[in-house]
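Subject: Structure handover

Hello,

Here is the structure we talked about. Please open it alongside this note, which goes through the findings one by one.

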Amino acid sequence: MGLFSRFASKRSASNEPQVNTNVLTIVAPATGKVVSLESTSDPAFSGRAMGDGVAIVPTEGTIVSPVSGTVGAIFPTGHAFAVATDDGATQVMVHIGIDTVQLGGAGFTAHVAQGERVSAGQPVVTIDIDKISAAGFDPTTFVVVCERAAGTSLREHEDGPVAAGDELLWLS
């Protein structure tokens, strides 16, 4: 499967994590405010075409890995990356900003390379929120599960504040 392929699922009404030993916890890659994908202005994400998940309006510039695994892709501009879990069953994409690829990497500093193993919470990219915003771009950061096993369900953190490394999504 490709980086952006996914299986259809429904958003759960509950935002509380299940007590289940088969739950993959995905952590927040940024500190800021969690918002639903539907409330964002990017049609590819708001329509969930890229995958299920949430968005974060960042207030700090350190972007961390949402899961432990291998960096399957990192764009040369630093505006997006994906991490495949150690078992290879799940791939989580982090896309920083709306149309920020147009910045050509200005305001983004990558700290890892494709193929590198990362731990959940490890810094992957540093962004300059002020520079991105001053250039007229929205720094909203999308966190979507773009590959997962059929029949799994994803529960999402409710809208509100979150710190990088806090539990954000629960895949079971």
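Let me start with one residue. Thr40 touches Val35, Ser46, Ala55, Thr140 and Phe142, leaving aside residues up to four places away in sequence. Please keep in mind that this is a predicted model.

Where does Thr40 sit in the chain? Its place is the loop between strand S2 (32-36) and helix H1 (43-46). Is Thr40 buried or exposed? Its relative accessible area is 13%, which is under the 20% cut-off, so Thr40 counts as buried. The Thr40 side chain also has a polar partner: it reaches the backbone oxygen of Leu37 at 2.7 Å.

Now the overall picture. The protein has two helices and 14 strands. Of its 172 residues, 50% are buried. The accessible surface comes to about 7400 Å². Carbon and sulfur atoms hold 52% of that surface. Among contacts with a separation of 6 or more, 73% are between residues 24 or more positions apart.

Next, strand S3 and its partners. Six of the seven residues of S3 are buried, so the rest of the structure largely encloses this strand. S3 pairs with S2 in the antiparallel sense, over five bridges. In that pairing, Ser36 stands opposite Val54 of S3. S3 is also joined to S11 by five bridges, and these two strands run antiparallel. Two bridge partners are worth finding on screen. Gly53 is matched with Val144 in S11, and Asp52 with Val145 in S11.

S11 is mostly covered as well, with nine of its ten residues buried. S11 pairs with S7 too, antiparallel, over seven bridges. There, the bridge partner of Ile96 is Thr141 in S11.

A separate item is an open sheet of three strands. What is the strand order in this open sheet? The order is S1-S14-S12, with antiparallel pairing. Strand S1 (24-27) and strand S12 (154-156) stand at the edges. Each has a single partner strand, so one side of each is left without a neighbour in the sheet. On average, neighbouring strands here are turned by 25° against each other, direction ignored. S12 and S14 pair over three bridges. Leu154 stands opposite Leu171 in S14.

Last, the nonpolar cores. The largest has 32 residues. Which of its members touch the most others? They are Ile56, Ile63, Phe81, Val125, Ile127, Leu168 and Leu169. Several elements each supply at least two residues of this core, including strand S3 (52-58), strand S7 (91-98), helix H2 (129-134), strand S11 (138-147) and strand S14 (167-171). Apart from it lies another core, of eleven residues. Its members include Val35, Leu37, Ala82 and Phe142. Two of these names came up earlier: Val35 and Phe142 are touched by Thr40.

Ile63 is a good place to look inside the largest core. Leaving out residues up to four places away in sequence, Ile63 touches Pro29, Ala30, Phe81, Val94, Ile96, Gln122, Pro123, Val124, Val125 and Ile127. Ile96 was met above, as the bridge partner of Thr141.

Best wishes

Key:
Residues are numbered from 1 along each chain as its sequence is written. This is a predicted model: local features need pLDDT of at least 70, side-chain atom pairs count only at pLDDT 80 or more; totals for chains, interfaces and linings use all residues. Side-chain values use heavy atoms; hydrogens and water are left out. A nonpolar core is a set of buried Ala, Val, Leu, Ile, Met, Phe, Trp, Tyr and Cys residues joined through side-chain atoms within 4.5 Å. Buried means under 20% relative accessible area, exposed over 50%, partly exposed in between (1.4 Å probe, protein chains only). Helices (H or I, at least four residues) and strands (E, at least two) are DSSP runs, numbered from the N terminus. Contact means heavy atoms within 4.5 Å. Accessible areas come from the Shrake-Rupley method with a 1.4 Å probe; for residues, only the protein chains shown count as cover. A polar contact is a pair of N or O atoms within 3.5 Å; within protein, one must be able to donate a hydrogen and the other to accept it, and residues adjacent in sequence count only if both atoms are side-chain atoms. Two strands pair if DSSP finds at least two bridges between them. Axes are lines fitted to C-alpha atoms, for helices over the stretch in contact, and angles run from 0 to 180 degrees between N-to-C directions.
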